[in-house]
Amino acid sequence: MRERCEKLWTHARLWTGLGTGLGTELGVIERGAIGMRGGMIAYAGPMADAPDAEQVIDCAGRWITPGLIDCHTHLVHGGDRAAEFEMRLAGASYEEIARAGGGILSTMRATRAASEEELVASALPRLDALIAEGVTTVEVKSGYGLDLANEAKMLRAARRLGEERPVSVATTFLGAHALPPEFAGDADGYVGMLCEALPQVASLADAVDGFCEGIGFSPAQIERLFAAARRLGLPVKLHAEQLSNLHGAELAARFGALSADHLEHLDAAGVAAMADAGTVAVLLPGAFYFMRDTRRPPIEALRRAGVPMALATDCNPGTSPLTSLLLAMNMGATLFGLTIDECLAGVTRHAARALGLQHRVGTLAVGMHCDLAIWDVERPAELVYRMGLNPLHARVWRGS
Ligand code: DI6
Ligand code: FE
């Protein structure tokens with residue numbers, strides 16, 4: 001006789017994320033049930049075999065997926081860049097705007113000027129939009145403070161979001177996002193400062209990220225940062241191959257990175273290195289769309305090599321002001337050619353892995369956190385198909 005559950009969701013169709021093989025239905029259970037005890041999943045399987053429970057919730061045939069995971073965001077930042085969007089519509093390029101003092105540095109100024117409380121307050125509406133669509137775990141990067149005090153302020157604000165709302169927050173230190181004016185012409189000096197500062201932000205960050213790009217940091221600079229991060233036991237991830245191919249993904253793979261993100265210019269060697277290292281490819285179709293990019297990441301090569309692909313919003317004020325993970329899935333399918341199951345795995349199982357959280361969240365399995373999204377849909381494809389309709393019926397975080 002199995003132990004009673006505290007709660008049991010019955011008459012549900014389960015998309016567990018546990019099947020094998022990409023492109024096949026990932027572990028669907030018709031007439032399924034989920035049992036919860038102590039905030040964890042205690043049962044996930046056919047209703048017929050479900051244990052007793054103190055409270056039974058009849059899902060009336062609705063679909064249950066793992067709670068969604070947005071594994072790449074810049075949710076915390078000061079101000080917005082709507083005026084720069086207007087300039088881009090009038091013909092200015094992202095690079096021209098950046099060279100004129102706009103871009104990341106304009107958000108840096110607004111972020112430095114904001115208090116921790118103001119950063120939390122301005123991020124909450126964006127977080128609430130994600131939560132309203134079933135997000136139960138969100139990653140938040142720093143990267144607009146660009147000095148120790150302001151990067152730490154961003155990371156504290158990010159952690160506070162997880163106290164203000166029922167959601168799990170993973171924080172990432174992205175000090176190597178852009179060169180601040182204090183270090184103009186001295187990127188190496190700035191990276192040296194970051195490496196020295198790392199022990200002081202280590203307790204605030206779950207991972208270390210960088211922007212490896214001509215307009216960001218060189219592979220040699222990222223390598224120094226990654227070596228410092230690994231010495232502290234911090235996992236790494238990288239914005240790589242977004243605008244050009246500097247072989248950042250290979251570098252990331254060499255450091256056992258959790259993920260390499262963007263990847264529009266990834267080549268075959270990069271794909272192979274990621275496959276060998278088990279590094280997740282985080283695809284960010286919102287940035288691709290908003291920047292009117294035309295070069296797609298090498299999806300077919302990633303698929304063939306068995307590289308897990310995640311999808312995220314990249315929510316940021318400059319290149320992806322997107323606060324809908326459902327829309328990111330739609331873009332993943334329409335712009336990048338992902339299948340429905342790839343899109344769903346991309347915001348659940350593989351997104352969890354991109355954060356190193358695959359043993360806690362991202363699938364419907366016994367022993368995982370009971371984070372659920374319950375949907376008013378007839379088939380999972382509807383979650384990817386619609387643009388702007390939110391079919392979330394209920395959201396469960398850690399069992400409630
Ligand atoms: N890649 C991007 O597209 C964004 N950051 C990054 O590393 C740009 C962020 C911004 O423009 O504010
Ligand atoms: Fe990003």
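This passage walks through the enclosed spaces, the ligand surroundings and the aromatic pairs of a predicted model.

We can begin with the empty space inside. Rolling a probe the size of a water molecule over the atoms shows where empty space is left. Searching the whole structure in this way turns up two cavities of 30 Å³ or more. The largest cavity has a volume of about 40 Å³, and the second largest holds about 30 Å³ of space.

The walls of the largest cavity are formed by Arg81, Glu84, Phe85, Arg88, Tyr94, Ile97, Pro317 and Gly318. Two helices, α1 (82-89) and α2 (94-99), each supply at least two residues of this lining. The largest share comes from α1, with three residues. In chemical character, the lining of the largest cavity is a mixture: four residues are nonpolar, one is polar and three are charged.

The second largest cavity has a lining made up of Leu146, Asp147, Leu148, Glu151, Phe173, Tyr190, Met193, Leu194 and Ala197. Here the helices to look for are α5 (148-164) and α6 (187-201), each of which supplies at least two lining residues. It is α6 that gives the most, with four residues. Sorted by class, the lining of the second largest cavity has seven nonpolar and two charged residues, and no polar ones.

Next comes ligand 1. Its surroundings consist of Arg81, Tyr94, Ile104, Tyr144, His177, Phe211, His239, Gln242, His262, Asn316, Gly318 and Thr319. Arg81, Tyr94 and Gly318 may look familiar, since these residues also line the largest cavity. The shell around ligand 1 divides into four nonpolar residues, seven polar residues and one charged residue.

Several side chains place an N or O atom within reach of a ligand oxygen. For Tyr144, the distance from a side-chain N or O atom to an oxygen atom of ligand 1 is 2.6 Å. The corresponding distance for Arg81 is 2.7 Å, while for His239 it is 3.5 Å. How much of ligand 1 does the protein bury? Taken alone, ligand 1 exposes 320 Å², and the protein buries 99% of that area.

Finally, the aromatic rings deserve a look. A pair of aromatic rings is described by the distance of the centres and the angle of the planes. The count for this model comes to five aromatic pairs. One of them joins Phe288 and Phe336: the ring centres are 5.0 Å apart and the planes lie at 75 degrees, so this pair is edge-to-face. The pair links distant parts of the chain, as its two members are 48 residues apart. Phe288 sits in helix α10 (residues 285-290), whereas Phe336 belongs to the loop between α12 (325-334) and α13 (340-346).

Notes. Residues numbered from 1 in each chain as written. Chains lettered and ligands numbered in written order. Predicted model: local features only at pLDDT ≥ 70, side-chain atom pairs only at ≥ 80, totals over all residues. Heavy atoms only, no water. 1 Å grid on protein atoms, 1.4 Å probe; cavity = no way out; pocket = protein on both sides within 12 Å on 5 of 7 lines; lining within 4 Å. Points joined across faces, edges and corners; volume = space filled by probe spheres on them. Nonpolar A, V, L, I, M, F, W, Y, C, P; charged D, E, K, R; others polar. Near = heavy atom within 4 Å. Polar contact = N/O pair within 3.5 Å; in protein donor to acceptor, adjacent residues only side chain to side chain. Areas by Shrake-Rupley, 256 points an atom, 1.4 Å probe, with all protein chains shown as cover. Phe/Tyr/Trp six-rings, centres within 6.5 Å; stacked < 30°, edge-to-face > 60°.
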